[in-house]
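These are my notebook entries on a structure that I looked through element by element. I set down what I looked up and what I found.

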Amino acid sequence: MLAIVKEERKPGAVVMRDVPAARPLEGEILIRVHSAAICGSDLHAYEYPPAYEFMKIPVILGHEYAGTVEAAGPGATVFRRGERVMGESNRFCGRCANCRTGRTNICENNLMTGLHVDGGMAEFIAVPENLVHRVPDNLSFEEAAVAQPCAVSFHAVYDNSAVVPGAAVAVFGAGVVGLTVAQAARLCGAAAVVVSGTGADARTRLPLARRMGFPTVDIDEEDLVAGFVSRTGRRRADAVLECSGSAAGIRDALRLVRKGGTVTLVGIYGQDAAISFAAVVRDEIHIKTSYTATWKNYEQALDLIAGGRVEVRPLITVYPFREGLQAFRDGLARAALKPVLQLA
Ligand SMILES: [Zn+2]
Ligand SMILES: [Zn+2]
């Protein structure tokens with residue numbers, strides 16, 4: 001079968017080539033992939049910074065995918081051939097204390113699809129059936145693949161933030177996670193949701209946020225706090241969701257949040273952040289973190305996208321699978337927000 005493979009331990013070295021066909025093991029199903037999306041972490045895997053040296057090499061990339069059930073392995077009984085499905089990104093063990101209490105996203109034995117084990121940028125993928133979700137009929141495969149990052153956003157807002165009806169909310173970063181976090185906060189009844197980004201976001205991402213109905217602040221053009229105050233009429237934010245992944249974003253979040261407010265860190269930080277904790281303590285600022293998503297968040301994402309309550313279509317650029325490497329280049333150049341490869 002054809003697959004997109006990270007071939008060697010160096011920057012680049014991502015190729016499209018034939019690999020042995022995936023086969024479902026005990027408890028697994030084989031999915032014929034129709035859509036596979038490129039995530040920021042796939043782009044990092046492409047660039048191969050030190051934080052990604054844990055990867056299995058060679059590995060088929062991709063953890064955002066949707067398709068149809070092709071076959072079931074021994075003991076897999078939940079799905080029928082032809083059913084429309086998508087899979088979770090974490091291969092949790094199901095046996096550790098966190099898994100047994102529903103916190104599969106922080107499984108003690110977690111393996112990441114497309115990094116530790118072969119992923120979804122291929123004609124087929126074999127996955128344990130306990131991490132597979134049915135896709136509603138009216139949802140396209142492209143949207144179903146993007147339900148994965150959407151689930152990450154819902155975990156951040158609904159399980160790990162202080163977003164409540166009437167809250168003034170700041171979202172840092174206008175990528176796929178930032179723009180779906182903002183939509184989730186609006187669904188919660190937040191009084192105001194302001195999306196901020198840098199000058200690099202000024203051409204496409206911030207205008208897209210505004211088209212989705214969110215006031216924006218370009219922090220390279222305007223002071224973040226002054227911008228937030230002018231957009232909301234509030235002195236500070238009740239809840240900040242830091243989705244930019246930059247260390248500067250953490251410091252800005254602590255500057256913008258009100259006394260007693262909550263900062264949720266959703267980005268994966270490539271650099272350390274120097275923070276003075278005296279003010280954080282004196283102001284009783286809560287710092288929460290949020291990592292990937294659990295079963296419930298995937299169901300929320302599929303339902304809310306299918307019901308038209310959360311929009312992901314404007315984020316997506318579709319590429320035929322054979323142009324997959326071009327899609328990587330466009331993602332790296334920020335020319336496409338969420339490239340989705342179309343296989344069948
Ligand atoms: Zn991802
Ligand atoms: Zn576990």
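The entries below cover the metal site, the helix pairs, selected residues and the backbone.

**Entry 1. Status of the model**

I note at the outset that this model is predicted.

**Entry 2. The zinc ion**

I looked up which protein atoms serve as donors to the zinc ion (ligand 1). They are SG of C39, NE2 of H63 and OE of E64, at 2.1 to 2.7 Å from the ion. Along the sequence, I wrote the spacing of these donor residues as C-x23-H-E. I then placed two of the donors: C39 is in the loop between β3 (28-37) and α1 (40-47), and E64 is in strand β5 (residues 64-72), so this pair ties together parts that are 25 residues apart in sequence. I also checked accessibility, and both C39 and E64 are buried.

**Entry 3. Helices α3 and α4**

For a pair of packed helices, I record the angle between the axes and the distance between the axes. At what angle do α3 and α4 pack? Helix α3 (residues 141-160) and helix α4 (residues 176-187) pack at about 50°, and their axes are 8 Å apart. I therefore classed α3 as oblique to α4. The crossing in which α3 passes α4 is right-handed. From α3, the contact is made by V146, P149, C150, S153, F154, V157 and Y158, and from α4 by V176, V177, T180, V181, A184, A185 and L187. Sorted by class, the contact of α3 with α4 has twelve nonpolar residues, two polar and no charged.

**Entry 4. Helices α3 and α9**

I next took α3 with α9, which pack at an angle of about 115° with axes 7 Å apart. I entered the crossing of α3 past α9 as right-handed. On the α3 side, I listed E143, A144, A147, Q148, C150, A151, F154, H155, Y158 and D159 as making the contact. On the α9 side, the list is K296, N297, Y298, Q300, A301, L302, L304 and I305. By class, the contact of α3 with α9 has eleven nonpolar, four polar and three charged residues.

**Entry 5. D159**

I followed D159 separately, and its place is in helix α3. Is D159 buried, partly exposed or exposed? With a relative accessibility of 25%, D159 counts as partly exposed. Setting aside neighbours within four places in sequence, I found D159 in contact with F154, K288, K296 and N297. I also looked up a separation: D159 and F54 are 105 residues apart along the chain, and their C-alpha atoms are separated by 28 Å.

**Entry 6. Helices α6 and α7**

I then turned to helix α6 (residues 224-232) and helix α7 (residues 247-256), which pack at an angle of about 50° with axes 10 Å apart. I therefore entered α6 and α7 as oblique to each other. In this pair α6 passes α7 in a right-handed crossing. Which residues meet here? L224, V225 and F228 of α6 meet D252, R255 and L256 of α7. By class, the contact of α6 with α7 has four nonpolar, two charged and no polar residues.

**Entry 7. T104**

I located T104 in the loop between α2 (97-100) and β8 (111-112). T104 has a relative accessible area of 10%, and I entered it as buried. Apart from neighbours within four places in sequence, the contacts of T104 are N90, F92, N98, C99 and T294.

**Entry 8. Backbone**

I checked phi and omega because most residues other than glycine have a negative phi and most peptide bonds are trans.

- The peptide bond from I57 to P58 is cis, and I read omega as near -5°. P58 has its place in the loop between α1 and β4 (59-60).
- A13 is not a glycine, yet I found its phi to be positive, at about 55°. A13 lies in the loop between β1 (2-6) and β2 (14-18).
- T292, likewise a residue other than glycine, has a positive phi near 45°. I located T292 in the loop between β16 (286-289) and α9 (295-306). The relative accessible area of T292 is 9%, and I entered T292 as buried.

Note on methods
Residues are numbered from 1 along each chain as its sequence is written. Chains are lettered from A and ligands numbered from 1 in the order in which they are written. This is a predicted model: local features need pLDDT of at least 70, side-chain atom pairs count only at pLDDT 80 or more; totals for chains, interfaces and linings use all residues. Side-chain values use heavy atoms; hydrogens and water are left out. Axes are lines fitted to C-alpha atoms, for helices over the stretch in contact, and angles run from 0 to 180 degrees between N-to-C directions. Helices (H or I, at least four residues) and strands (E, at least two) are DSSP runs, numbered from the N terminus. Angles under 35 degrees count as roughly parallel, over 145 as roughly antiparallel, 65 to 115 as roughly perpendicular and the rest as oblique. A crossing is left-handed if the near helix is turned anticlockwise from the far one by less than a right angle, and right-handed if clockwise. Contact means heavy atoms within 4.5 Å. Ala, Val, Leu, Ile, Met, Phe, Trp, Tyr, Cys and Pro count as nonpolar, Asp, Glu, Lys and Arg as charged, and the others, Gly among them, as polar. Donors are N, O and S atoms within 2.8 Å of the metal (3.2 Å for Na, K and Ca); water is not among the atoms, so sites may look incomplete. Buried means under 20% relative accessible area, exposed over 50%, partly exposed in between (1.4 Å probe, protein chains only).
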